[in-house]
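Good morning, colleagues. Please have the sequence and the model open, as I shall refer to individual residues throughout.

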Amino acid sequence: VIDNASTDKTVVELEKFSKKCTIFYNDNNMGFAFAHNMIIRKSFATLSCILHNDIVLVDGWLEKIVNKILSDSKIGIVSVVNDIYGTFNKGYELKQDGNFEYVDIESEDQKVDFINSSCILIRNNVFKKIGVFDEKYVLGFMSDADFCIKAKEAGFENLKGHRTVGG
């Protein structure tokens with residue numbers, strides 16, 4: 001777990017879990033990509049989960065997306081539908097002109113070009129093949145899109161649509 005210089009009570013809450021996981025603390029907010037890359041580079045796990053602190057989860061969410069990603073080696077990234085936020089519930093398709101458009105999720109396991117990283121599970125061999133998140137996106141905006149597009153170009157599938165978070 002990484003705390004990217006929280007200014008609220010996050011640090012106090014994280015301390016409750018210090019015996020169950022390793023927690024890294026950044027003195028300064030170095031941005032989404034830097035923080036996630038810091039953990040990814042230290043990880044020896046088969047899968048990495050990126051989970052934002054404002055996501056409401058329901059029982060069984062992790063087991064469901066782990067089972068999905070492990071069911072097919074082509075799947076590189078799996079995301080969930082969060083019923084709280086409108087556009088985060090959508091996948092994205094890249095258009096010919098370089099812009100993107102939202103894609104309504106009509107079924108679970110819908111393939112998309114890229115997905116929001118508020119709750120994603122990534123197969124770590126994706127990192128080995130394409131690298132980590134691009135840190136030029138300092139605030140995090142679009143680093144997830146860039147990463148997903150690179151994963152798709154490398155032959156991985158990005159799936160959106162597991163309804164495993166509450167609203």
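With which residue does D134 form a salt bridge? The partner is K136, and the closest N and O atoms of the two side chains lie 3.9 Å apart. I should say at once that this is a predicted model, and that each value I quote is computed from it. A salt bridge here requires a nitrogen and an oxygen within 4 Å, so the D134–K136 pair, at 3.9 Å, satisfies the cut-off. As to their surroundings, D134 is partly exposed, because its relative accessibility of 22% falls between the limits of 20% and 50%. K136, by contrast, is exposed, at 60%.

Let me turn to the other charged pairs. As a general point, side chains of opposite charge can pair when their charged atoms come close. The structure holds six salt bridges, and I shall discuss two further examples.

One of them joins E13 and K16, with 3.0 Å from N to O. E13 is partly exposed at 40% relative accessibility, while K16 has a relative accessible area of 57% and is therefore classed as exposed.

The other is formed by E135 and R41, whose closest N and O atoms are 3.5 Å apart. This pair links distant parts of the chain, for the two residues are 94 residues apart. E135 sits in the loop between α4 (124-130) and α5 (143-153), whereas R41 belongs to helix α2, residues 32-42. E135 is partly exposed, with a relative accessible area of 33%, and R41 is exposed, at 55%.

I now return to D134 from another direction, through S143. This serine lies in helix α5. Is S143 buried or exposed? It is buried, because its relative accessibility is 0%, and buried means under 20%. Which residues does S143 contact, once neighbours within four places in sequence are left aside? They are F32, A33, F133, D134 and Y137. D134 thus appears twice in this account: as a contact of S143 and as the salt-bridge partner of K136.

Finally, a word on cysteines. A disulfide is a covalent bond between the sulfur atoms of two cysteines. How many disulfides does a search of the whole structure find? The search finds zero. Two cysteines may be mentioned with regard to accessibility: C21 is partly exposed, at 30%, and C148 is buried, at 1%.

That concludes my presentation, and I welcome your questions.

Terms used
Residues are numbered from 1 along each chain as its sequence is written. This is a predicted model: local features need pLDDT of at least 70, side-chain atom pairs count only at pLDDT 80 or more; totals for chains, interfaces and linings use all residues. Side-chain values use heavy atoms; hydrogens and water are left out. Buried means under 20% relative accessible area, exposed over 50%, partly exposed in between (1.4 Å probe, protein chains only). Helices (H or I, at least four residues) and strands (E, at least two) are DSSP runs, numbered from the N terminus. Contact means heavy atoms within 4.5 Å. A disulfide is a pair of cysteine sulfur atoms within 2.5 Å.
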